[in-house]
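Let's take a friendly walk through the side-chain contacts of this model, starting with aromatic rings and moving on to charged pairs.

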Amino acid sequence: MAFQAEMLKGVARSFALTIAQLPSNLYEAVGNAYLLCRIADTIEDEPALSLEQKQAFSERFAEILAGRDDPASFAGELAPLLSSSAGSSAGILVANTPRVIRVTRRLNLAQRKAIHRCVGIMSCGMVEFQRSASTEGLGDVAQLDRYCYHVAGVVGETLTALFCDHSEEIEKRREDLLPLSVSFGQGLQMINILKDMWEDRSRGVCWLPRDVFRSTGFDLRALSPGVADPGFVEGLFDLVAIAHGHLENGLRFIVSLPTRETGIRRSCLWPLAIAVLTLRRICRKPTFRSGREVKVSRRGVWAAAILTSVLVRSNLALKVLFKLFSFGLPKTSAA
């Protein structure tokens with residue numbers, strides 16, 4: 001557990017602060033789930049691996065979680081293949097896969113089943129989309145939804161399953177919470193896609209949907225940093241509106257959680273607030289050239305965390321705060 005806590009700080013400092021808000025049994029399970037997902041993500045992002053290698057390692061990783069493969073041999077084969085682009089923390093994490101798995105095996109059956117399902121769906125989805133990834137973007141919004149589900153929506157489902165295992169009161173609300181949690185996860189992933197589109201493009205991929213930009217008269221093949229084409233900006237704002245709708249569902253998810261579960265609510269509120277603020281920055285500067293230009297400042301992050309923590313028990317106050325944070329953001333016609 002000490003190793004897990006240290007690795008969380010290394011691979012995701014902001015996320016480590018978020019999950020630290022959770023009750024102890026959830027902190028252990030959610031932290032472990034994050035590290036397992038990060039290992040799967042490292043396989044996907046590694047440029048030195050062929051698609052066949054990525055698929056093979058992803059399938060082996062799923063087998064490890066099912067208890068049918070050896071984590072030590074997996075780590076021993078994968079770690080030396082990682083390039084410097086993976087980062088030292090990711091390399092250390094992969095090399096120590098057996099230690100992460102030992103924590104997984106300490107979890108209860110319901111937690112292990114939820115995490116195993118999550119990593120399996122995520123790994124299969126990432127390999128599928130890597131096979132067709134290009135700078136031309138995804139075909140349409142439906143394909144974007146599928147991509148976001150496989151890399152983030154399923155995480156929302158998994159968190160809901162873990163929350164339900166933690167609380168009988170939350171379990172009673174499972175059916176209402178599940179679709180909202182998927183939408184919440186997809187919204188957060190859409191913000192990442194929009195914020196990181198130039199960094200992704202430099203790696204030879206684009207996760208923007210072609211149909212949205214085709215309808216505004218812009219061809220994604222002409223995309224370049226700082227582009228000010230009115231058609232591109234219009235398409236970008238259409239995607240902001242879709243993401244905005246998902247984040248509204250994220251708020252509905254949070255206010256549906258018991259008010260006494262302040263730690264769980266805080267752990268969800270912080271990324272929601274940062275996501276809305278990021279959308280605001282994207283709208284103010286649609287011609288940004290890198291994610292750094294629209295990233296929320298550290299001061300802004302802490303201000304949002306403090307404000308949402310003060311209001312964590314009041315559903316009404318949180319709804320008002322969301323409206324203030326999201327004021328002026330584009331909305332879909334159905335909203």
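A good place to begin is a cluster in which ring pairs link Trp198, Phe213, Phe218 and Phe232. Please keep in mind that this is a predicted model. Across the structure there are nine aromatic pairs. One of them joins phenylalanine 213 and phenylalanine 232, whose ring centres are 5.6 Å apart with 15° between the planes, a stacked arrangement. Phenylalanine 213 belongs to helix H13 (residues 210–214) and phenylalanine 232 to helix H14 (residues 230–255), so this pair ties together parts that are 19 residues apart in sequence. Buried or exposed, where do phenylalanine 213 and phenylalanine 232 fall? Both phenylalanine 213 and phenylalanine 232 are buried.

Rings also meet charges here. Arginine 99 lies over the face of phenylalanine 3, and the distance from the ring centre is 4.2 Å.

Now to the charged pairs. In general, side chains of opposite charge can pair when their charged atoms come close. How many salt bridges does the structure hold? The count comes to 14 salt bridges, including the three in this table.

| Salt bridge | Closest N and O atoms |
|---|---|
| Glutamate 77 with arginine 60 | 2.8 Å |
| Arginine 146 with glutamate 128 | 3.0 Å |
| Glutamate 169 with arginine 173 | 2.9 Å |

Take the salt bridge between glutamate 77 and arginine 60. Glutamate 77 sits in helix H5 (residues 71–78) and arginine 60 in helix H4 (residues 51–65), so the pair ties together parts that are 17 residues apart in sequence. Glutamate 77 has a relative accessible area of 43%, which makes this residue partly exposed.

The salt bridge of arginine 146 with glutamate 128 also deserves a look. Here arginine 146 is found in helix H9 (residues 141–166) and glutamate 128 in helix H8 (residues 109–132), so parts that are 18 residues apart in sequence are tied together by the pair. Arginine 146 is partly exposed at a relative accessible area of 38%, and glutamate 128 counts as partly exposed too, at 36%.

For the salt bridge of glutamate 169 with arginine 173, the relative accessibility of glutamate 169 is 28%, so this residue counts as partly exposed. Arginine 173 is likewise partly exposed, with a relative accessible area of 27%.

Finally, which residues are joined into one network by salt bridges that share partners? They are Arg60, Asp69 and Glu77.

Key
Residues are numbered from 1 along each chain as its sequence is written. This is a predicted model: local features need pLDDT of at least 70, side-chain atom pairs count only at pLDDT 80 or more; totals for chains, interfaces and linings use all residues. Side-chain values use heavy atoms; hydrogens and water are left out. Rings of Phe, Tyr and Trp (its six-membered ring) pair if their centres lie within 6.5 Å; planes under 30 degrees apart count as stacked, over 60 as edge-to-face and the rest as tilted. Helices (H or I, at least four residues) and strands (E, at least two) are DSSP runs, numbered from the N terminus. Buried means under 20% relative accessible area, exposed over 50%, partly exposed in between (1.4 Å probe, protein chains only). A charge sits over a ring if NZ of Lys or CZ of Arg is within 6 Å of the ring centre and within 35 degrees of the ring normal. A salt bridge is a side-chain nitrogen of Lys or Arg within 4 Å of a carboxyl oxygen of Asp or Glu.
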